[in-house]
Amino acid sequence: MIPSVLPTYTRAPLTFVKGEGSWLIEADGRRMLDMGGGIAVNALGHANPALLDALTSQAQNLWHTSNLYHIPQQQALADKLVDATFADTVFFTNSGTESCELAVKMARKYWFDKGDVDRTEIITFDGSFHGRSAAGISAAGSEKMTKGFGPILGGFVHLPWEDLDAISNAITDKTAAILLEPVQGEGGIRPLPDATLKAIRGLCDENGILLILDEIQCGVGRTGKLFAHEWAGITPDIMMVAKGIGGGFPLGAVLATESAASGMTVGTHGSTYGGNPLGCAVGCAVMDIVATPEFLAEVNRKAGLLRQKLEGLVASHPDVFDSVRGSGLMLGLKCKALNMDVVNAGYDALVITVPAADNVVRLLPPLNLSDEEITEAIARLDTAATKIEAA
Ligand SMILES: *Cc1c(COP(=O)(O)O)cnc(C)c1O
């Protein structure tokens, strides 16, 4: 008999009833160190007082009106994002994949309005992940996500990751945009070198096409800059955001330049819940904390500490781990043992990590975890690795 919850996930035998900072707590009081952060969502940990206050005070006043009316919290968050980034304008969604839907629509409409109606193709990359909507799975293109769901949305050209020549050869008069994650998340924490991202921006400029960045996982302070593309000294035309921006409340956004967004006029897009007062009040509180030089400097310092200790962990368990990779507090342990065995041994050692493709274990902790929690995470991962060696 089918379970009452549609069984699309393999779930770990863990049930949490409370969260506190970097910790998740089960009903029996068992505390686990959360180095997964709800897959880069709980950017400021669980039950962060500033976020809790933003959400509960808004909840006392107003939950939902409609985008038929002005929403001051939405306006405030849009202003903060525009002030802090390349963007001139923002549309709010409730999830990452909805941001992908709009980014694709926006790029196509841009060319349609220019009279270039056949310029509909979007170049994407192997190992990418853009969510589970029709556009999201079509953009990523992997058989794992698309099989059985055809006909998939057309107009995506899939190329190998990090191959500049392949990109240059694939650009035609049908190319509307290039879409990529500056650091692939689900694909196994695979950062694009800064020079490659710069070169891709160059190719977009030479050919007049749009650069769309999916910063849903790597954005909002995760890599130690507010957005990961800042490391390469470039800006996109369109950017997808979600996960960390809501700190655990469902919230996403599409940021764009005035030019890239020029086709999205009245009536061309909408959302019932996107930009609702609750989500945007929380988003404002997240931005007020994360988008400051002091906070980002601390992310970089802690990232350095965690990475250094992870290198030590890899060195002491050469049969379990191969190497450390990633950027900021978006780190991956490339494993020699099965990554799922490492994740499961971590559960036994009371530390939560997240598997990714390419036999990688991801660490996406709250950005404000403490130095002591970093030390504790390494001790617990060491216990997990020792257990695998003994098996
Ligand atoms: C999580 C994720 C998405 C999808 O976001 P949802 O909120 O699950 O729809 C898209 N792109 C990237 C890079 C992600 O990490």
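This talk covers one pocket, one helix and one residue of a predicted model.

Conventions come first. Residues are numbered from 1 along each chain as its sequence is written, and side-chain values use heavy atoms, with hydrogens and water left out. As the model is predicted, local features need pLDDT of at least 70 and side-chain atom pairs count only at pLDDT 80 or more, while totals for chains, interfaces and linings use all residues.

I start with helix 10, residues 293–316; helices here are DSSP runs of H or I, at least four residues, strands are runs of E, at least two, and both are numbered from the N terminus. The helix has 24 residues, so at 1.5 Å a residue it should span 34 Å, and the 35 Å between its end C-alpha atoms agrees. That expected span is 1.5 Å times one less than the number of residues.

Which residues of helix 10 are buried? They are F295, L296, V299, K302, A303, L306, L310, L313 and V314. Buried means under 20% relative accessible area, with a 1.4 Å probe and protein chains only. These residues pack against, among others, helix 9 (277–290), strand 13 (321–327) and helix 12 (371–390), where contact means heavy atoms within 4.5 Å.

Next, V351, in strand 15 (residues 351–352). V351 is buried, at a relative accessible area of 0%. Leaving out residues up to four places away in sequence, V351 touches M32, L33, M35, G346, R380 and L381. S99 is 252 residues from V351 in sequence and 31 Å away in space, C-alpha to C-alpha.

Last, the lining of the second largest pocket. Strand 4 gives the most to that lining, with 4 residues. A pocket is an open set of points on a 1 Å grid over the protein atoms alone, where a 1.4 Å probe fits, with protein on both sides within 12 Å along at least five of seven lines; lining residues have an atom within 4 Å of a point.

Definitions and conventions. Buried < 20%, exposed > 50% of the residue type's maximum accessible area, 1.4 Å probe, protein only.
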